[in-house]
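This report examines the cross-links and charged contacts of one protein chain. The sequence and the model are shown below.

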Amino acid sequence: MKIIISILFLASVLLITSSLASATVSDAIGSGAVAPAPEIKYGPALEKWCGQKCEGRCKAAGMKDRCLKYCVICCKDCQCVPSGTYGNKHECACYRDKLSSKGTPKCP
């Protein structure tokens, strides 16, 4: 009986370890990581890049037009957009720290 319990325990530990390892590897590959802007500092290429990144960022927003407007403004200044549709602002400090005139976060 002790052998069966030991085997089941070992199998569960291995399963948990392998699932954590695969999650870490997939995150490191870039499945959701923030991508730095191209080496273009201004112009239509940067606008296109920001537009694509902000489309993804704002796809679940309630006020998509407003989200896109401010996201593109922040992207042009910071040259990065956090991954996902919400949060993850730690990936782009400039984006996180930008404030409106009222002192609230400017970037969506």
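Arg-96 has a relative accessible area of 38% and is therefore partly exposed, since this value lies between the limits of 20% and 50%. The model discussed here is predicted. The partner of Arg-96 is Asp-97, and the two side chains meet in a salt bridge with an N to O distance of 2.9 Å. Asp-97 is likewise partly exposed, because its relative accessible area is 46%.

**Salt bridges**

How many salt bridges does a search of the whole structure find? The search finds four. Besides the pair of Arg-96 and Asp-97, they include a contact between Lys-76 and Glu-47, whose side chains meet at 3.7 Å, N to O. This pair links distant parts of the chain: Lys-76 belongs to helix α3 (residues 64–78) and Glu-47 to helix α2 (residues 44–57), with their positions 29 residues apart in sequence. Lys-76 is partly exposed because its relative accessibility is 35%. Glu-47, at 46% relative accessibility, also counts as partly exposed.

A further salt bridge is formed by Lys-98 and Asp-77, with the closest N and O atoms 3.3 Å apart. Lys-98 is located in the segment after α4 (93–97), whereas Asp-77 is in helix α3, so this salt bridge ties together parts of the chain that are 21 residues apart in sequence.

**Disulfides**

A disulfide is a covalent bond between the sulfur atoms of two cysteines. The structure holds six disulfides. When the bonded cysteines of the protein chain are numbered in sequence order, the pairing reads 1-7, 2-5, 3-4, 6-12, 8-11, 9-10. Three of these links are set out in the table, among them the one between Cys-50 and Cys-75.

| Disulfide | S to S distance | Torsion about the S-S bond |
|---|---|---|
| Cys-50 and Cys-75 | 2.0 Å | -80 degrees |
| Cys-58 and Cys-67 | 2.0 Å | about -80 degrees |
| Cys-78 and Cys-94 | 2.1 Å | -65 degrees |

The link of Cys-50 and Cys-75 is left-handed. Cys-50 lies in helix α2 and Cys-75 in helix α3, so the bond ties together parts that are 25 residues apart in sequence. Are these two cysteines buried or exposed? Cys-50 has a relative accessible area of 0% and is therefore buried. Cys-75, at 0% relative accessibility, is buried as well.

For Cys-58 and Cys-67, the torsion of about -80 degrees is the reason why the disulfide is left-handed. Cys-58 and Cys-67 are both buried.

The disulfide of Cys-78 and Cys-94 is left-handed too, with -65 degrees about the S-S bond. Cys-78 is in helix α3 and Cys-94 in helix α4, so the pair ties together parts that are 16 residues apart in sequence. Cys-78 counts as buried because its relative accessibility is 14%, which is under the 20% limit. Cys-94, by contrast, is partly exposed, with a relative accessible area of 35%.

**Connections between the helices**

Taken together, helices α2 and α3 are linked by the salt bridge of Glu-47 and Lys-76 and by the disulfide of Cys-50 and Cys-75. Helix α3 is joined to helix α4 through Cys-78 and Cys-94, and to the segment after α4 through Asp-77 and Lys-98.

How values were computed:
Residues are numbered from 1 along each chain as its sequence is written. This is a predicted model: local features need pLDDT of at least 70, side-chain atom pairs count only at pLDDT 80 or more; totals for chains, interfaces and linings use all residues. Side-chain values use heavy atoms; hydrogens and water are left out. Helices (H or I, at least four residues) and strands (E, at least two) are DSSP runs, numbered from the N terminus. Buried means under 20% relative accessible area, exposed over 50%, partly exposed in between (1.4 Å probe, protein chains only). A disulfide is a pair of cysteine sulfur atoms within 2.5 Å.
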